[in-house]
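Reader: Before accepting any label attached to a model, I would like to hear the reasoning behind it. Could we go through the claims one at a time?

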Amino acid sequence: MNKKITVLAGDGIGPEIVAEAIKVLDKIEKKFGHKFEYTYVDIGGCSIDKYGVPITEEGMQLCKQSDSVLLGAVGGPKWDNCPPAIRPEKALLAVRKELGLFANLRPTKLFAQLADSSPLKKEIVGNGIDLLIVRELTGGVYFGPKKTEEIDGELVATDIMPYSEHEIERIGRVAFETAMKRSKKLASVDKANVLDTSRLWRKTMHRLAEEYKEVEYSDILVDNTAMQLIKNPTQFDVLVTENMFGDILSDEASMLTGSIGMMPSASLSSTTLGMYEPIHGSAPDIAGMNVANPLGTILSAAMMLRYSFDMASEADAIENAVNKVLDDGYRTGDIMQAGCKKTTCSEMGDLVAKNI
Ligand code: IPM
Ligand code: MG
């Protein structure tokens with residue numbers, strides 16, 4: 001198959017980790033007889049420096065015209081004081097919105113080889129953590145009306161969190177379908193004891209639960225979820241939640257594995273166009289040093305093959321290669337353990353490619 005991939009390498013370690021994912025995709029091309037065509041577009045701080053905006057209109061069009069988008073990371077202290085409208089993160093939100101990427105899948109998996117990296121006790125981790133957060137990505141307080149105004153002599157800021165039934169229903173369907181493909185267990189996270197948006201969320205999820213009778217469904221409040229993720233994380237399989245709760249809980253969940261550098265993500269639309277990125281940030285402190293962990297990006301490329309291109313065997317090949325490299329004891333600094341072999345970012349990419 002021929003596929004057009006727009007590459008948004010971004011800032012900090014973005015270009016290094018993306019280069020390793022492309023190295024791995026090159027090997028997949030050769031091995032499975034595909035053709036991947038890459039178009040590079042600047043995003044985030046590097047785009048602000050060159051064009052004065054975090055992504056150009058032309059860059060956005062290139063994303064829309066491709067079969068999928070691979071992203072490294074955006075942002076860094078250099079651009080922290082940019083006005084809100086041109087901050088690096090703004091481009092990320094704009095791409096999500098313009099490409100209609102409403103469903104964000106964030107798998108959290110504790111690799112058996114890295115079990116010791118979890119900050120949780122062994123008896124809590126049990127046989128391993130393997131859960132998936134389905135985060136609504138184009139609605140809620142991130143995209144609702146916002147303003148800062150002066151009232152009675154002081155500044156008052158307001159962010160509104162709107163959710164309509166169709167937005168809740170479509171993310172709900174993704175979550176139920178995903179649960180059907182995993183262990184048929186779904187928890188919907190909300191704050192229905194306080195928020196109207198959550199009450200509508202819960203009502204809509206209950207309607208869907210009637211359609212998916214095979215799925216063991218439950219509601220859970222977001223504050224309790226934050227606690228249960230630490231107390232008993234293995235009770236969860238698929239979690240579905242609104243945009244901001246998902247932002248917070250996915251960072252919390254990723255830390256259970258002790259290795260945020262390993263975690264991939266997929267942002268999906270109603271077509272096969274998706275965006276794939278590691279969940280960690282641009283790590284400006286180690287940028288350009290060839291020490292970053294590229295596995296989160298490499299595993300994101302595997303998700304791209306699975307979800308956008310329907311290439312399940314190719315995705316399996318990447319995931320198996322990552323497992324093999326970990327089995328063989330290779331580790332970047334962030335996941336280094338006694339007795340293992342320390343590798344650089346580019347060596348890690350070479351090793352994964354070699355094992356495909
Ligand atoms: C994430 C990030 C983004 C978000 C930021 C960079 C805007 O934290 O992808 O989780 O809040 O969605
Ligand atoms: Mg976040």
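Reader: In what order do the 10 strands of the sheet run, and is the sheet open or closed?

Author: In this predicted model, the 10 strands follow the order β2-β1-β3-β12-β11-β4-β5-β10-β8-β9 in an open sheet with mixed pairing. Strands β2 (35-40) and β9 (216-221) are at the edges, and each has a single partner strand, so one side of each lacks a neighbour in the sheet. From one strand to the next, the twist averages 25°.

Reader: What makes β11 and β12 a pair?

Author: Pairing requires at least two bridges between the strands, and 5 bridges join β11 (residues 264-268) to β12 (residues 274-278), so the two count as paired, and they run antiparallel. Within this arrangement, A266 stands opposite Y276 in β12.

Reader: Which residues surround ligand 1, and how do you know that there are polar contacts to R106, Y142 and D247?

Author: The ligand is surrounded by E89, L92, R96, R106, R135, Y142 and D247. A polar contact needs N or O atoms within 3.5 Å of each other; an oxygen atom of ligand 1 lies 2.8 Å from a side-chain N or O atom of R106, one lies 2.6 Å from such an atom of Y142, and one lies 2.9 Å from such an atom of D247, so each of these three distances meets the cut-off. The protein covers 73% of the 320 Å² of accessible area that ligand 1 has on its own.

Reader: What is the make-up of the shell around ligand 1, and which helix gives the largest share?

Author: The shell divides into 2 nonpolar, no polar and 5 charged residues, while helix α4 (residues 88-98) supplies the largest share, 3 residues.

Reader: How do you know that C46 is in no disulfide?

Author: A disulfide requires two cysteine sulfur atoms within 2.5 Å, whereas the closest cysteine sulfur to that of C46 belongs to C82 and is 12 Å away, which is too far for a bond. C82 is likewise in no disulfide, its nearest cysteine sulfur being that of C46, and by this rule the count comes to 0 disulfides.

Notes: Residues numbered from 1 in each chain as written. Chains lettered and ligands numbered in written order. Predicted model: local features only at pLDDT ≥ 70, side-chain atom pairs only at ≥ 80, totals over all residues. Heavy atoms only, no water. Near = heavy atom within 4 Å. Polar contact = N/O pair within 3.5 Å; in protein donor to acceptor, adjacent residues only side chain to side chain. Areas by Shrake-Rupley, 256 points an atom, 1.4 Å probe, with all protein chains shown as cover. Helix = DSSP H or I, 4+ residues; strand = E, 2+ residues; numbered from the N terminus. Nonpolar A, V, L, I, M, F, W, Y, C, P; charged D, E, K, R; others polar. Axes fitted to C-alpha atoms, helices over the stretch in contact; angles between N-to-C directions.
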